[in-house]
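Student: I am new to this structure and would like a close look at a single part of it, with the surroundings explained as far as they help. Could you take me through the sheet, one step at a time?

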Amino acid sequence: MSQNKKIGIVVDKDFAIKNFPPYPRPIFFSYENPYRIKFILDYLEKIKLWENNTVIKLSPKNVNESIIELAHTKYYIDTVKRLSSYGSGIIDDEIFITKDTYYLAKKAIGGAIEAVEKVIKKEVNQSIALIRPPGHHALREKGSGLCIFNNIANTILYLRKELNYKKKIVIVDIDDHFGDGIVQYFYSDPSVLYFSIHEFDFVENDMGFINELGEGEGLGKTINFPIPAGIIDNDFLVFMDILEPILKEYKPDLIIVAAGFDMYFADPVGNCYLTSISYFRFTEKILKIAEEVCEGKLAFILEGGYSLIGLPFCINAVIKALLNKEYEQPLFEKVEFLNESKMEKIIKIKSKLEDLLKNYWTVLKNNSKKKNKISFIQIQLILVHNSV
Ligand SMILES: [Zn+2]
């Protein structure tokens, strides 16, 4: 069985050469550049990945504008097209446009669709789409946070409309940032469960609160696990304690990972301290669950991640785990970080989130029966106290 296993990786050299930011470094815009993909592809060549018969190259599917219209307004699509034809422009204050932006963003959607379609048609077991620009912040009517089109939302809407695929889908978003674009597409849709772990500003507050749980029929199907800045490898996978039982209860047909790598310690945008070993361990776990609940149907779609040194290793870590191989992290990652674990705070967040979710998930209700009793007693005491 494992001899026949196939991992599909969507690659296209346009992602490694086109849509260069027209701004001098170092500013926020400049991090989303072709070197992100070039460095990954060079590294995969260097380690001779393509000689492995289990790994096959896939190309982005050709998509026409009507596919983009499933996820975005005509006006917004035309704006991106128009500015691209002029050769430059700025949308919002976080998106640069070059002559290649429309072309490449359209190709990125095609890359995400190819990766997911091949998995649901069982032509490959798992897949990775090495695409850019990223997509999870993009909204229906405008781009945001370096994202032009919402690659994952667009892919799901394509599956629903063009392939008549109606089965349950889970999106696990491990990017450092909250996928405020994706969440808005499926907030009331019970057939898409969105789970996000993201860095959260606990002082100013932020989007992606624990009590944003979806609405209507979608209640309980949006799950946010905010974490404090500065987490380390040992802190990262606590969220799986909630995600794993929920995946087993929900039983999706497909798991899509919004694979951002900007919690990496050397990332210039995120503020966390993960090394590539976290992405290896995460992939091992999510693969095992996928094999248990959905015949291993799992697709990784690249989102953020801007450390040119770290990205190739993070991608390799994911590939190694998908191939059921050992992973040896590079020596330069074996540093002692000065900051401490944020475990205490993360456990508190987990416990609060579990309390909120037990109303929607039987597995969590059973886990927290004891806790419920205590809080019931506490309520009684409060009532007695108040009535005195
Ligand atoms: Zn990000």
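Tutor: Glutamine 126 has leucine 298 as its bridge partner in β10, and this pair is a convenient place to begin in what is a predicted model. The two strands concerned, β5 (residues 126–129) and β10 (residues 298–302), pair in the parallel sense over 4 bridges, and further along them isoleucine 128 stands opposite phenylalanine 300 in β10. Turning to the other neighbour of β5, strand β1 (residues 7–10) is joined to β5 by 4 bridges, and these two strands run parallel. Here isoleucine 128 appears again, as the bridge partner in β5 of isoleucine 9. In a regular strand the side chains alternate between the two faces of the sheet. In β5, Gln126 and Ile128 point one way while Ser127 and Ala129 point the other way, and all of them are buried.

With that strand in place, the whole sheet can be described. It is an open sheet of 8 strands, in the order β2-β1-β5-β10-β9-β6-β7-β8, and the pairing is parallel. Strands of a sheet pair through backbone hydrogen bonds, either parallel or antiparallel. At the edges stand β2 (55–58) and β8 (222–227), each of which has a single partner strand, so one side of each is left without a neighbour in the sheet. From one strand to the next, the twist averages 15 degrees. Helix α8 packs on this sheet, where it touches β6 (169–173), β7 (192–199), β8 and β9 (254–259), and the direction of α8 makes about 175 degrees with that of β7.

Helix α8 also takes part in a link between charged side chains. Side chains of opposite charge can pair when their charged atoms come close. The side chains of lysine 350 and aspartate 241 meet in a salt bridge, with 2.9 Å from N to O. Since lysine 350 lies in helix α11 (residues 343–357) and aspartate 241 in helix α8 (residues 240–250), the pair ties together parts that are 109 residues apart in sequence. The two partners can be described by their accessibility: lysine 350 is buried, with a relative accessible area of 14%, whereas aspartate 241 counts as partly exposed at 42%. The structure holds 21 salt bridges, and another of them is formed by the side chains of lysine 297 and glutamate 295, at 3.5 Å from N to O. In that pair lysine 297 is buried, with a relative accessible area of 5%, while glutamate 295 counts as exposed at 54%.

Lysine 350 leads on to the nonpolar surroundings, for it is one of the residues in contact with phenylalanine 225. Leaving aside neighbours within four places in sequence, the contacts of phenylalanine 225 also include Phe195, Ile197, Val238, Phe239, Ile242 and Leu353. In the largest nonpolar core, which has 118 residues, Phe225, Phe239 and Phe282 touch the most other members. The largest share of this core, 11 residues, comes from helix α4 (residues 101–120). There is also a second, separate core of 7 residues, which includes Phe280, Ala317, Ala321 and Tyr327.

Returning to the sheet, the loops that follow two of its strands bring us to the zinc ion. Its protein donors are Asp175 (OD), His177 (ND1) and Asp262 (OD), which lie 2.0 to 2.2 Å from the ion, and in sequence these donor residues are spaced D-x1-H-x84-D. Histidine 177 lies in the loop between β6 and α6 (180–185) and aspartate 262 in the loop between β9 and α9 (276–293), so the pair ties together parts that are 85 residues apart in sequence. Of these two donors, histidine 177 is partly exposed, with a relative accessible area of 25%, whereas aspartate 262 is buried, with a relative accessible area of 1%.

Methods. Residues are numbered from 1 along each chain as its sequence is written. This is a predicted model: local features need pLDDT of at least 70, side-chain atom pairs count only at pLDDT 80 or more; totals for chains, interfaces and linings use all residues. Side-chain values use heavy atoms; hydrogens and water are left out. A nonpolar core is a set of buried Ala, Val, Leu, Ile, Met, Phe, Trp, Tyr and Cys residues joined through side-chain atoms within 4.5 Å. Buried means under 20% relative accessible area, exposed over 50%, partly exposed in between (1.4 Å probe, protein chains only). Contact means heavy atoms within 4.5 Å. A salt bridge is a side-chain nitrogen of Lys or Arg within 4 Å of a carboxyl oxygen of Asp or Glu. Two strands pair if DSSP finds at least two bridges between them. Axes are lines fitted to C-alpha atoms, for helices over the stretch in contact, and angles run from 0 to 180 degrees between N-to-C directions. Donors are N, O and S atoms within 2.8 Å of the metal (3.2 Å for Na, K and Ca); water is not among the atoms, so sites may look incomplete.
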